[in-house]
Amino acid sequence: MVKVYYDSDASLDSLKRRTVAVIGYGSQGRAQALNMRDSGVEVIVGLRKEGSSWKAAEAEGFTVYPISEATKKGDIVHILIPDPVQPVVYQSEIRNHLVGRKALGFSHGFNVHFKQIVPPSDSDVIMVAPKSPGRRLRETFLAGFGVPALIAVEQDRSGKAREMALAISKALGCTRAGVLETTFKDETESDLIGEQTVLVGGLMELIKKGFETLVEAGYEPELAYFEACNEAKLIMDLIYERGLVGMLRAVSDTAKYGGLAVGPEVIDEHVKLNMKKVVGHVRSGKFAKDWVSKFDNSSTVLDHFMKELDRHQIEIVGRKIRRMAGLEK
Ligand code: NDP
Ligand code: MG
């Protein structure tokens with residue numbers, strides 16, 4: 001069983017007389033900086049001068065420095081800018097300023113695990129990854145609770161790296177909910193496999209292909225959208241709240257029988273074989289190599305995919321239905 005840490009397992013002591021330089025003030029950067037500061041931690045923010053978040057961080061009372069300067073001043077350099085830009089920013093603004101036993105922090109393991117960032121061998125390298133978007137991390141903290149998080153230690157030169165990761169988790173409010181220990185490798189791989197096979201890739205393709213199947217069989221696209229997409233949310237809400245069996249208890253017996261008897265014929269062993277291929281590509285680094293090769297023009301690559309999807313009938317009908325439902329203007 002995985003070890004779970006709570007408030008009483010963590011102490012803020014290892015952050016005393018230390019400065020955390022939070023690099024980035026976006027979704028995670030803002031929430032983590034604010035939560036840590038409210039927990040009494042000394043936090044400074046590192047940003048690029050020309051960016052829009054510099055003013056935002058200043059307006060919320062932080063002392064903001066250029067990234068290289070914040071790196072010099074911080075004892076813990078917590079890198080919270082988008083993953084694809086981290087390697088370049090690390091090379092140009094961070095690496096040469098990591099003198100004297102600084103710790104490096106991340107909220108996702110991709111760049112360290114796939115060696116896009118190779119930290120100095122004498123620094124502690126830790127991960128604290130809250131399992132929610134920044135906004136929710138901040139809201140639950142303000143409500144007196146927290147969101148769960150994962151911690152991991154990649155390099156422990158001080159012998160205190162785990163303590164420090166737990167201290168940051170506590171300052172973020174995450175130990176109130178529970179913190180699980182993992183590794184950079186497992187966090188990175190399971191995140192990629194999950195988002196490709198189920199969350200982003202799998203669900204989206206399932207909905208799209210279900211929609212296409214209905215439309216190609218001659219049903220009205222609007223009807224198809226309700227069946228293949230809209231109702232997916234209702235089912236997912238039930239699964240989220242009650243589990244698979246709980247969801248089945250809430251639907252009709254016909255749906256129950258159809259789902260149980262026919263579902264495995266649709267999402268069959270072949271789909272699972274495809275999923276296992278994904279596991280192979282993630283573990284071998286093939287996926288990472290492909291994605292990293294696109295880092296430099298990632299927005300162009302993504303725009304291309306997004307534009308193509310935007311023209312798909314499911315999006316055209318979807319916009320109409322969402323307007324009808326008052327979800328979109
Ligand atoms: P964001 O996209 O919200 O980060 C935006 C911030 O990064 C801004 O302050 C922006 O500054 C700065 N930034 C962007 N590009 C550059 C650049 N080229 N040079 C310097 N600064 C730059 O990132 P997230 O908060 O989403 O992600 C941060 C980390 O947290 C990632 O490792 C991610 O995987 C992880 N994570 C994210 C979660 C989420 O829900 N978002 C959940 C858990 C982990 P400017 O105003 O100057 O553009
Ligand atoms: Mg993910």
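A residue counts as buried when its relative accessible area is under 20%, as exposed when that area is over 50%, and as partly exposed in between. The exercises below use this cut-off on a predicted model.

**Exercise 1. Classify H97 as buried or exposed, and describe its surroundings.**

Step 1. Locate the residue: H97 sits in the loop that links α4 (86–94) to β6 (103–106).

Step 2. Apply the cut-off. The relative accessible area of H97 is 19%, and the limit for a buried residue is under 20%. H97 is therefore buried.

Step 3. List the contacts. Leaving out residues up to four places away in sequence, H97 touches S68, T71, K72 and K102.

Step 4. Set this against the whole chain, where buried residues make up 40% of the 329 residues.

**Exercise 2. Determine which residues coordinate the magnesium ion (ligand 2), and place them in the chain.**

Step 1. Read off the donors. The magnesium ion (ligand 2) is coordinated by D191 through OD, listed twice, and by E195 through OE. The distances run from 2.2 to 2.7 Å.

Step 2. Find the secondary structure. Helix α9 (residues 184–199) holds both D191 and E195. The two are four residues apart, about one turn of the helix.

Step 3. Check accessibility. D191 has a relative accessible area of 24%, so it is partly exposed. E195, at 30%, also counts as partly exposed.

**Exercise 3. Describe how helices α1 and α6 pack: state the angle, the handedness and the residues of the contact.**

Step 1. Choose the descriptors. Two packed helices are described by the angle between their axes and the distance between the axes.

Step 2. Take the values. The axes of α1 (residues 27–38) and α6 (residues 134–142) come within 7 Å and cross at roughly 20°.

Step 3. Name the arrangement. Angles under 35 degrees count as roughly parallel, so α1 is roughly parallel to α6. The crossing of α1 and α6 is left-handed.

Step 4. Assign the contact residues. From α1 come S27, Q28, A31, Q32, L34, N35 and D38; α6 supplies G134, L137, R138, F141 and L142.

Step 5. Sort them by type. The residues of the contact of α1 with α6 comprise five nonpolar, five polar and two charged.

**Exercise 4. Examine the positive phi values of R17 and R101.**

Step 1. Recall the expectation. Most residues other than glycine have a negative phi.

Step 2. Compare R17. Its phi is near 55°, a positive value in a residue other than glycine. R17 belongs to the loop between β1 (4–5) and β2 (19–23). With a relative accessible area of 79%, R17 is exposed.

Step 3. Compare R101. Phi of R101 is near 50°, again positive in a residue other than glycine. R101 lies in the loop between α4 and β6. A relative accessible area of 57% makes R101 exposed.

**Exercise 5. Relate E163 to G29 in sequence and in space, then summarise the chain.**

Step 1. Place E163: it is in helix α7 (residues 161–172). At 42% relative accessible area, E163 is partly exposed.

Step 2. State both separations. E163 and G29 are 134 residues apart in sequence and 21 Å apart in space, C-alpha to C-alpha.

Step 3. Turn to the chain. The protein chain has 16 helices and nine strands, and its C-alpha trace spans about 65 × 45 × 40 Å along the principal axes.

Step 4. Consider the contacts. Among those between residues at least 6 apart in sequence, 67% join residues at least 24 apart.

How values were computed. Residues numbered from 1 in each chain as written. Chains lettered and ligands numbered in written order. Predicted model: local features only at pLDDT ≥ 70, side-chain atom pairs only at ≥ 80, totals over all residues. Heavy atoms only, no water. Axes fitted to C-alpha atoms, helices over the stretch in contact; angles between N-to-C directions. Parallel < 35°, antiparallel > 145°, perpendicular 65-115°, else oblique. Left-handed = near helix turned anticlockwise from the far one by under 90°. Contact = heavy atoms within 4.5 Å. Nonpolar A, V, L, I, M, F, W, Y, C, P; charged D, E, K, R; others polar. Donors = N, O, S within 2.8 Å, 3.2 Å for Na, K, Ca; no water. Buried < 20%, exposed > 50% of the residue type's maximum accessible area, 1.4 Å probe, protein only.
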